[in-house]
Amino acid sequence: MKAVHFGAGNIGRGFIGLLLSQAGYEVVFSDVNQTLVSALRERGEYVVTLADDEKKQLHVRGVTAIDGTDPDAVAAAVAEADLVTTAVGVNILKHIAPGIARGIEKRIAASGGKLHVIACENTIGGSTQLKEQVFSHLDEASKAKAAELAAFPDAAVDRIVPIQHHDDPLAVTVEPFYEWVVDSSSMFPGYKPIEGVHYVHDLIPYIERKLFTVNTGHCAAAYIGRLKGYETIQQAMGDDEVAGEVRGVLSETGKVLVERYGFDRAEHERYIDKIIGRFRNPHLTDEVTRVGRSPIRKLSPNDRLVKPALQAYELGIEPDRLAKVMAAALLFDVPEDPEAVQLQQDIASGGIEAAVEKYTSIPREHPVFRLVIGHYERQIAASRA
Ligand SMILES: NC(=O)c1ccc[n+]([C@@H]2O[C@H](COP(=O)([O-])OP(=O)(O)OC[C@H]3O[C@@H](n4cnc5c(N)ncnc54)[C@H](O)[C@@H]3O)[C@@H](O)[C@H]2O)c1
Ligand SMILES: O=P(O)(O)OC[C@@H](O)[C@@H](O)[C@H](O)[C@H](O)CO
């Protein structure tokens, strides 16, 4: 069985590639980073280290890579694959879509077998988004055939993999915990389960629980931690005030999740505790600039801050802590992060209200909008005091 995985980065090597290899797949990575591609081709293996006391090493063997900038190689790989997965970043999906579309066209021409394409990105409906991008590159006749041949089940993936700083470009240190949940309702009947994957019929509660707990809490630690001058999540979580803000924000999203999806309250509290323990993992060094990266994406209407805040408001819960994190995200001034630069330029040129309206899509008259602006102004005043 052959899997083509787009993105040989942290989660690609440290989670999806590892799990697929353990499940018996021959993994072919597609990446545009030539250092990674050459090393994977030359060595055909790499090592994943678990970040705990034991530091167990897992050897991933029998892997290779193709150059993601070579359209023919990408199309040929997709045409021959039994499974396609991605972990490139939501904003990159549009760049890999043409290659996947060409691969599907080749499969149609060769009367190839059915294919599942699973986007493993931090977003709601990642595979559905990828499907739309892929189908936009197909003509009408191919679209109908592609719909019979390729399914795009959505997924939720959870494993903290920081930016790696090893001499070996392929080595990757990951937290021991992982969770990969896939929506089986949009898969072809008789699919072969991947060992280690949890299949569910309704993914929405799982993806929202993950995104609005792990990722909302994580970015709260990053944005508020950065305002207090911390460089890593571990340092930030060592500060009681930051840890308290993280708990506060997770209390708000927790109420929403319990109310909307009927999760058991006590069990959800344990889920939160476990996640906070994962953020504190002393065997990891996770930079706040990675966890807070792409603030425009994180402030977008369907992501980890605005969506739960508006859901909370609808349920009569004031999302004050979420608004505070949004305000801190608006102050995330990192010159190496193109979205942070863009956001700061927009705030400087058009003002904070126009920027909040543009990026969050929350109407100016909405009470949550006022909460965000109030926190932003207080944080600006505090920084000047
Ligand atoms: N790191 C984590 O803890 C984590 C956990 C869960 C989910 N995720 C999600 O996984 C995705 C990847 O995150 P990451 O941390 O691994 O990022 P990363 O930057 O380490 O990896 C992304 C990889 O994609 C490659 N890439 C970029 N353009 C490409 C293209 N056109 N074709 C093929 N490859 C291309 C990059 O070269 C890079 O190697 C994101 O959506 C992220 O939200 C990350
Ligand atoms: O990858 P992002 O930018 O969406 O979010 C940053 C981190 O919160 C994220 O990568 C987590 O480490 C991961 O989602 C844990 O499962």
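This report walks through the two domains, two of the sheets and three helix pairs of a predicted model.

**The two domains**

Let's start with the overall layout. The protein chain splits into domain 1, covering 2-202, and domain 2, covering 205-384. Measure from one C-alpha centre to the other and you get 28 Å between domain 1 and domain 2. Where they touch, 17 residues of domain 1 are in contact with 17 residues of domain 2. On the domain 1 side, the residues facing domain 2 come out as ten nonpolar, two polar and five charged.

**The 4-3-10 sheet**

Now for a sheet in the first part of the chain. Three strands make up this open sheet, in the order 4-3-10, with mixed pairing. Strand 4 (57-61) and strand 10 (172-174) are the edge strands, each pairing on one side only. On average, neighbouring strands here are turned by 30° against each other, if you ignore direction.

Strand 3 (residues 45-50) and strand 4 run antiparallel and are held by five bridges. Two of the partnerships are easy to find in the structure: threonine 49 has glutamine 57 of strand 4 as its bridge partner, and valine 48 stands opposite leucine 58 in strand 4. The hairpin of strand 3 and strand 4 has six residues between the strands, and lysine 55 in this hairpin takes a positive phi near 50°.

There's a helix on this sheet too. Helix 1 (residues 10-22) lies across strand 3, strand 4 and strand 10, and its direction runs at about 80° to strand 10.

**The 9-11-12 sheet**

The next sheet is also an open one of three strands, ordered 9-11-12, and its pairing is mixed. Strand 9 (155-158) and strand 12 (198-200) sit at the edges with a single partner strand each, so one side of each has no neighbour in the sheet. From one strand to the next, the twist averages 15°.

Strand 9 and strand 11 (residues 179-183) run antiparallel, with four bridges joining them. If you want a residue pair to look for, alanine 156 has valine 181 in strand 11 as its bridge partner. Helix 7 packs on this sheet, where it touches strand 9, strand 11 and strand 12, and its direction makes about 35° with that of strand 9.

**Three helix pairs**

Two packed helices are described by the angle between their axes and the distance between the axes. Here are the values for three pairs.

| Helix pair | Angle | Axis distance |
|---|---|---|
| Helix 4 (residues 93-109) and helix 6 (residues 140-149) | about 85° | 10 Å |
| Helix 7 (residues 204-227) and helix 14 (residues 320-329) | about 55° | 9 Å |
| Helix 9 (residues 240-261) and helix 14 | about 125° | 7 Å |

Take helix 4 and helix 6 to begin with. How do they lie relative to each other, roughly parallel or roughly perpendicular? Angles of 65 to 115 degrees count as roughly perpendicular, and helix 4 and helix 6 are therefore roughly perpendicular to each other. Ile104, Glu105, Arg107 and Ile108 of helix 4 meet Ser142, Lys145, Ala146 and Leu149 of helix 6. By class, that contact has four nonpolar residues, one polar and three charged.

Helix 7 comes back in the next pair. Its angle of about 55° to helix 14 makes helix 7 oblique to helix 14. The crossing of helix 7 and helix 14 is left-handed. Helix 7 brings Cys219, Ala220, Tyr223, Ile224 and Leu227 to the contact, while helix 14 brings Val325, Ala328 and Ala329. In this contact of helix 7 with helix 14, eight residues are nonpolar, with no polar and no charged ones.

Helix 14 also packs against helix 9, at an angle of about 125°. Helix 9 and helix 14 are therefore oblique to each other, and their crossing is left-handed. Which residues of helix 9 meet helix 14? They are Glu245, Gly248, Val249 and Glu252, and they meet Arg321, Leu322, Lys324 and Val325 in helix 14. This contact of helix 9 with helix 14 has three nonpolar residues, one polar and four charged.

One residue to click on is Val325: it's in the helix 14 part of the contact with helix 7, and it's also in the helix 14 part of the contact with helix 9.

How values were computed. Residues numbered from 1 in each chain as written. Chains lettered and ligands numbered in written order. Predicted model: local features only at pLDDT ≥ 70, side-chain atom pairs only at ≥ 80, totals over all residues. Axes fitted to C-alpha atoms, helices over the stretch in contact; angles between N-to-C directions. Parallel < 35°, antiparallel > 145°, perpendicular 65-115°, else oblique. Left-handed = near helix turned anticlockwise from the far one by under 90°. Contact = placed C-beta atoms within 7 Å. Nonpolar A, V, L, I, M, F, W, Y, C, P; charged D, E, K, R; others polar. Domains from an automatic or database assignment. Pairing = 2+ DSSP bridges.
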